[in-house]
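The following report describes the fold of a single chain, moving from its sheet to its core and then to one of its helices.

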Amino acid sequence: MTDILSQRCPLHILIAEDNQLNWRILQRILKKLGYESEVVENGLEAVRAVEAALADAQPYDLILMDIQMPIMDGITATQEIFSRFPIDQQPQVVIVTANATPEYVEICQQIGTHGLIQKPINKQGIADTLESCYLGSRKT
Ligand SMILES: [Mg+2]
């Protein structure tokens, strides 16, 4: 019997990634783990999507956030989300980057992201991250 991660760890997930090949791969991995996800292609759209989802009472639990995107980068978008919305309404943010330099790791810790995933992504790495986010987001 297959263990469907999404049944054990349900999460509403947003992908913020400007590279179509990258977001298609990520979305396919999420699908295999049982998750539907929405995609936006820049940081400003991510902020707006969080706002819209809250207005619809369907808040995101997690954003998988690229750093380098047009219009607004992922770091700025994350800071905007964390400053604009009340803490109990904020999604967790995991940065997904090909460029996990020590500097970026430190920035991610400073701004309060849940973690950082190094590209190229793989199914196990994503699954581990989702499980960790789910466990971390449970408010008991
Ligand atoms: Mg990018």
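In which sense, and over how many bridges, do strand 1 and strand 2 pair? Strand 1 and strand 2 pair in the parallel sense over four bridges, where two strands count as paired if DSSP finds at least two bridges between them, and where helices (H or I, at least four residues) and strands (E, at least two) are DSSP runs numbered from the N terminus. The model is a predicted one, in which local features need pLDDT of at least 70 and side-chain atom pairs count only at pLDDT 80 or more, while totals for chains, interfaces and linings use all residues. Residues are numbered from 1 along each chain as its sequence is written.

**Sheet and overall fold**

The chain holds six helices and five strands, which follow the pattern α-β-α-β-α-β-α-β-α-β-α along the sequence. The five strands form an open sheet with parallel pairing, in the order 2-1-3-4-5, and its edge strands, strand 2 (37-40) and strand 5 (115-118), each pair on one side only. Within strand 2, V40 stands opposite A16.

**Core**

Buried residues (20 or more other C-beta atoms within 10 Å of their own, with C-beta atoms placed from the backbone; exposed residues have 12 or fewer, and partly exposed ones lie in between) make up 31% of the 140 residues in the chain. The largest nonpolar core, a set of buried Ala, Val, Leu, Ile, Met, Phe, Trp, Tyr and Cys residues joined through C-beta atoms within 7 Å, has 33 residues, and those with the most contacts inside it include I13, A16, A46, I63, L64 and M65. Among the elements that each supply at least two residues of this core are the following.

| Element | Residues |
|---|---|
| Strand 1 | 13-16 |
| Helix 3 | 43-55 |
| Strand 3 | 62-66 |
| Helix 4 | 74-84 |

Leaving aside its neighbours within four places in sequence, A46 is in contact (C-beta atoms, placed from the backbone, within 7 Å) with L14, A16, V40, I63, M65 and A77.

**Helix 4**

The buried residues of helix 4 are G74, I75, A77, T78 and I81. Seen down the axis of helix 4, these residues fall within an arc of 165° (taken from the directions from the helix axis to the C-beta atoms), so they line one face of the helix. The face turned away from this buried side carries the exposed residues S83 and R84, whereas the cover over the buried residues of helix 4 includes strand 1, helix 3, strand 3, strand 4 and helix 5 (102-111).

Conventions:
Two residues are in contact if their C-beta atoms, placed from the backbone, lie within 7 Å.
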